Amino acid sequence: LNPALTADVFWQLPFHFTVSSDVAYQSFAGRSAGLNQTFTLWNVAVSRQLFKNQQGELRLSVYDLLNQNRSVVRNVTD
């Protein structure tokens with residue numbers, strides 16, 4: 001069982017600015033010791049539309065704002 005919750009938010013601000021945020025909660029259970037993990041990933045971005053007809057975009061993104069992202073490596077051999 002791997003329950004997960006996600007939420008996305010997008011704000012459109014004046015002067016062609018936008019702010020977006022997404023949060024993902026992930027839980028891994030029922031595995032061997034050291035592999036049962038729960039973490040929250042929060043990403044945020046601020047952007048501005050550029051050029052005529054807003055055909056370009058300048059974006060500043062921050063991934064894993066809470067610094068909780070973990071990788072799990074498991075090697076099983078004979």
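Me: How much of the contacts with a separation of 6 or more comes from residues 24 or more positions apart in this protein?
Reply: Residues that are 24 or more positions apart account for 31% of the contacts in the protein with a separation of 6 or more, where contact means heavy atoms within 4.5 Å. This is a predicted model, in which local features need pLDDT of at least 70 and side-chain atom pairs count only at pLDDT 80 or more, while totals for chains, interfaces and linings use all residues. Residues are numbered from 1 along each chain as its sequence is written, and side-chain values use heavy atoms, with hydrogens and water left out.

Me: OK, and how many helices and strands are there in the protein?
Reply: The protein has zero helices and four strands, both being DSSP runs numbered from the N terminus (H or I over at least four residues for a helix, E over at least two for a strand). Along the sequence this reads as β-β-β-β.

Me: In what order do the strands sit in the sheet?
Reply: They form an open sheet in the order β1-β2-β3-β4 with antiparallel pairing, and two strands are taken to pair if DSSP finds at least two bridges between them. The edges are held by β1 and β4 (56-62), each of which has a single partner strand, so one side of each is left without a neighbour in the sheet. Neighbouring strands of this sheet are turned by 15° against each other on average, with direction ignored; the axes behind that angle are lines fitted to C-alpha atoms, for helices over the stretch in contact, and angles run from 0 to 180 degrees between N-to-C directions.

Me: How many bridges join β1 to β2?
Reply: Strand β2 (residues 17-28) is joined to β1 by 10 bridges, and the two run antiparallel. Leu13 has Phe17 in β2 as its bridge partner, and the hairpin of β1 and β2 has three residues between the strands, with Phe15 taking a positive phi near 65°.

Me: And is β1 buried or in the open?
Reply: Strand β1 (residues 4-13) has 10 residues and the number buried among them is zero, so it lies largely in the open. Buried here means under 20% relative accessible area and exposed over 50%, with partly exposed in between (1.4 Å probe, protein chains only). Across the 78 residues of the protein, buried residues make up 18%.

Me: Moving inward, how many bridges join β2 to β3?
Reply: There are 12 bridges joining β2 to β3, which run antiparallel. On that side, Val19 has Val46 in β3 as its bridge partner, and Ser20 is partnered by Ala45 in β3.

Me: Over how many bridges do β3 and β4 pair?
Reply: Strand β3 (residues 37-50) pairs with β4 over seven bridges in the antiparallel sense. Arg48 is partnered by Leu58 in β4, while Gln49 stands opposite Glu57 in β4.

Me: What does the charged end of Arg48 sit over?
Reply: It sits over the ring of Phe17, 5.4 Å from the ring centre; the criterion is that NZ of Lys or CZ of Arg lies within 6 Å of the ring centre and within 35 degrees of the ring normal.

Me: Which residues does Leu60 contact beyond its neighbours within four places in sequence?
Reply: Leu60, which lies in strand β4, is in contact with Val44, Ala45 and Val46 once those neighbours are left aside. Val46 is 14 residues from Leu60 in sequence and 5.3 Å away in space, C-alpha to C-alpha. Leu60 counts as exposed because its relative accessibility is 59%.

Me: Back to turns: where is Phe51?
Reply: Phe51 is in the loop between β3 and β4, strands that form a hairpin with five residues between them, and Phe51 in the turn has a positive phi of about 70°. With a relative accessibility of 67%, Phe51 counts as exposed.

Me: And Asp64, buried or exposed?
Reply: Asp64 is buried, with a relative accessible area of 16%. The residue lies in the segment after β4 and has a positive phi of about 55° although it is not a glycine.

Me: Last one, how much area does the protein expose?
Reply: About 6400 Å² is exposed, and carbon and sulfur atoms supply 56% of it; accessible areas come from the Shrake-Rupley method with a 1.4 Å probe, and for residues only the protein chains shown count as cover.
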